[in-house]
Amino acid sequence: MFRFGVDYYPEHWPEERWALDARLMQEAGFNTVRLAEFAWSRLEPAPGRFDFDWLDRAIAILQERGLQVVLGTPTASPPPWVMAMHPDAHRVLPSGLRVAYGNRRNYCPTHAGYRERGRIITQAMAEHYAHHPAVIGWQIDNEFGDRCYCEHCRAAFHVWLQHKYQSLDALNEAWGTVFWSQVYTEWSQIPVPLETAAPFGDGSHNPGLALDYYRFLSDQYVAFQREQVAILRRRCPGHFITHNMMGAGYDRLNYFDLAADLDFVSWDNYRRMQWTFRPEVIPSEAALSHAAMRGLKHKNFWVMEQQAGAGGWQIVSVAPRPGELRLWAYQSIAHGADAIIFFRWRTARFGTEQYWHGLLEHDGRAGRRYAEIKQMGAEIARVGAEIAGSEVRANIAILLDYDSRFAFQIQANNPAFQYTNHLHDIYQAFHRRNLAVDVVSGRDDFSRYKLLIAPALYVLTEETARRIEAFVQNGGVLMTTPRTGVKDATNTVVNMPPPGLLAGVCGVEVEEYDSLPEGVSQPLAFVQSDFHNGPPPHARIWCDVLRPSSAQPVALYTQDYYAGKPAITENRYGAGRAVYVGTFGDGQLYAALVDWLLDLANLRSEISTPPGVEWSTRWRGDRPIHFVLNHTRERQPVNLKGRMRNLLNGEALESGVLELPPYQAAILTAEPVDDPMEDKVSGEKLAGAYGR
Ligand code: GLA
Ligand code: ZN
């Protein structure tokens with residue numbers, strides 16, 4: 001079943017209004033509502049005194065309108081009494097400053113007293129709602145991840161370290177504490193990476209310590225979540241459990257670990273935030289996030305918060321243009337969402353998020369945005385069942401590595417380098433070719449892919465290196481980029497030239513490197529002059545000077561003291577190939593490489609669309625369902641192969657061209673083929689059963 005719905009805060013509105021809200025939700029085609037996620041002070045107004053009556057009444061009203069309910073555990077927003085009971089449960093910032101009461105997500109994930117309060121409210125909710133016929137599942141907390149540097153975290157860090165290293169000797173060795181005389185002789189001496197005398201934040205600390213601290217904090221949130229998961233699994237075995245994450249850009253938590261305990265991943269998809277003052281959105285940014293969230297469990301996901309209006313706290317973002325909210329929601333579906341839950345229902349009249357716009361206006365009017373989503377609701381009623389459970393299939397994978405990401409937070413290497421942007425620059429080249437890409441972890445099975453991109457795989461374990469090597473050995477094509485293989489798991493620089501453990505596979509060594517100042521770049525020259533048409537792509541940010549052992553140069557630097565030296569190489573290894581790109585470059589670099597990479601991997605991009613028009617396919621068995629999305633403000637013609645039908649409006653597309661108005665979406669399936677011979681040849685017989 002396709003889930004379509006909204007995040008609703010009945011506690012923000014007079015009870016007399018609830019029935020009208022429920023009716024409007026039903027009329028919008030909604031079947032699901034998320035409730036209670038920040039309602040702790042209403043659910044437990046005083047320690048151990050629970051009040052579920054109001055929530056029961058709200059659910060009853062929604063239930064009458066056929067809506068089912070996802071409940072949030074409310075631990076992201078502790079009531080004042082919880083924090084007054086545990087003043088030391090307020091998070092501590094890297095500066096050592098303890099945050100004040102007032103916002104939300106202000107708690108320390110380690111604090112035993114806080115955790116206990118979290119278990120108590122979770123247990124009470126679980127008991128109360130375990131058998132409620134309208135309740136289908138749970139979202140734990142809200143957008144986990146803020147880092148804490150308090151004394152409780154420090155004590156727990158010591159325990160975590162003892163478990164990991166067993167002895168101080170091993171720890172001192174692993175971190176290299178002999179540097180600056182930091183050899184620890186008692187566990188209790190070990191600090192957390194609070195600000196030191198040097199102004200480089202966590203980067204002023206020992207890199208091994210800082211990386212372990214980030215891993216530790218990630219584990220603390222995983223453990224915090226697990227406590228609630230355990231309660232809910234025990235009390236509510238029929239319900240699903242999820243958590244709302246924040247897409248590819250969020251980097252404080254190892255999302256692969258966090259996802260492991262969940263039934264499926266959810267995430268919060270905002271395209272135009274309060275800080276965004278450009279009207280155009282970059283569709284590949286959302287697409288990458290969808291891929292990253294899908295990749296956490298290799299499974300379809302929910303969008304638990306899909307943008308419903310302009311974002312805004314203190315300032316208000318550019319309003320979503322007519323059609324955009326629906327378009328962005330269809331984009332989510334195109335990349336694997338099986339549920340779209342809009343945030344939020346009605347724009348709040350009070351509180352910090354007064355200007356984070358919902359589907360309804362402050363005064364409760366159902367205006368333009370509501371009408372747009374209501375239209376989508378009617379469409380979902382027709383096509384939802386067809387789409388739900390169909391899957392995105394990819395031959396290309398990008399490896400997202402949280403250890404490397406954390407290590408770059410400690411040492412960016414170059415101020416202009418940003419891990420997520422780098423991933424996106426690469427991803428975008430494939431996205432423009434309308435190719436599906438999975439985002440995977442180092443522990444995933446690479447063998448199902450033909451092309452594996454391992455961008456800036458800075459912290460490289462032997463195990464991952466071995467698995468990458470096997471992938472290439474068996475015929476896979478690898479592309480990797482600077483700073484790969486520089487560090488081992490302790491965040492120590494390896495005792496060999498980069499790319500370290502991948503030097504053999506890549507057939508290349510990094511002889512030396514040059515970290516470029518801001519604004520400095522140089523054109524690359526391809527060894528084969530017909531490699532690339534148009535202006536040459538540029539090296540930026542970082543230049544690895546490469547010495548091939550067995551690899552062939554593909555592109556050379558043209559300037560500076562390493563002019564003429566290889567910048568990009570290609571190596572045959574076993575049945576596969578390994579491409580080493582020695583500079584970061586911008587999107588143009590990867591755009592220049594993409595066709596060649598596809599060739600090496602025996603892949604083709606089948607579909608070409610005008611710029612700004614996205615094409616993404618989901619599969620139900622052998623049957624493709626194509627999503628075509630016009631992200632531009634102009635009408636766009638899209639050439640089609642074969643006869644198609646647009647499921648959204650029933651239109652048959654005989655002409656071979658789909659004319660997509662601005663911000664419009666189409667969902668296409670192949671039309672039945674009349675000629676029985678052709679039918680057999682094209683293998684599209686199945687499609688006939690669906691063509692309407
Ligand atoms: C996040 C949160 C929501 C809300 C929105 C808008 O995604 O999960 O509770 O705060 O942002 O700010
Ligand atoms: Zn803490």
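**Ligand 1 and its surroundings in a predicted model**

Let me begin at the ligand, where a polar side-chain atom of Arg-104 lies 2.7 Å from an oxygen atom of ligand 1; a polar contact here is a pair of N or O atoms within 3.5 Å, and within protein one of the two must be able to donate a hydrogen and the other to accept it, while residues adjacent in sequence count only if both atoms are side-chain atoms. This is a predicted model, in which local features need pLDDT of at least 70 and side-chain atom pairs count only at pLDDT 80 or more, although totals for chains, interfaces and linings use all residues. Side-chain values use heavy atoms, with hydrogens and water left out, residues are numbered from 1 along each chain as its sequence is written, and chains are lettered from A and ligands numbered from 1 in the order in which they are written.

To stay with the ligand, an N or O atom in the side chain of Glu-143 is 2.4 Å from an oxygen atom of ligand 1, and for the side chain of Asp-268 the corresponding distance to a ligand oxygen is 3.4 Å. On its own, ligand 1 has 300 Å² of accessible area, of which the protein covers 95%, the areas coming from the Shrake-Rupley method with a 1.4 Å probe. The residues around ligand 1 include Phe-38, Asn-142, Tyr-270, Trp-313 and Trp-356, a residue being near if one of its heavy atoms lies within 4 Å. By class, this shell has five nonpolar, two polar and five charged residues.

I turn next to Asn-269, which lies in strand 7, residues 266-269, strands being DSSP runs of E with at least two residues and helices runs of H or I with at least four, numbered from the N terminus. Asn-269 has a relative accessible area of 0% and is therefore buried, the term meaning under 20% with a 1.4 Å probe and protein chains only. Its side chain makes polar contacts with the side chain of Arg-271 at 2.5 Å and with that of Gln-306 at 3.3 Å.

Elsewhere, there is an open sheet of nine strands with mixed pairing, in the order 11-10-12-13-20-19-18-15-16, where two strands pair if DSSP finds at least two bridges between them. The edge strands, each pairing on one side only, are strand 11 (437-440) and strand 16 (538-540). Within the sheet, strand 10 (residues 396-399) pairs with strand 12 (residues 451-454) in the parallel sense over three bridges, and Leu-451 in strand 12 is the bridge partner of Ile-396.

Conventions: Ala, Val, Leu, Ile, Met, Phe, Trp, Tyr, Cys and Pro count as nonpolar, Asp, Glu, Lys and Arg as charged, and the others, Gly among them, as polar. Buried means under 20% relative accessible area, exposed over 50%, partly exposed in between (1.4 Å probe, protein chains only).
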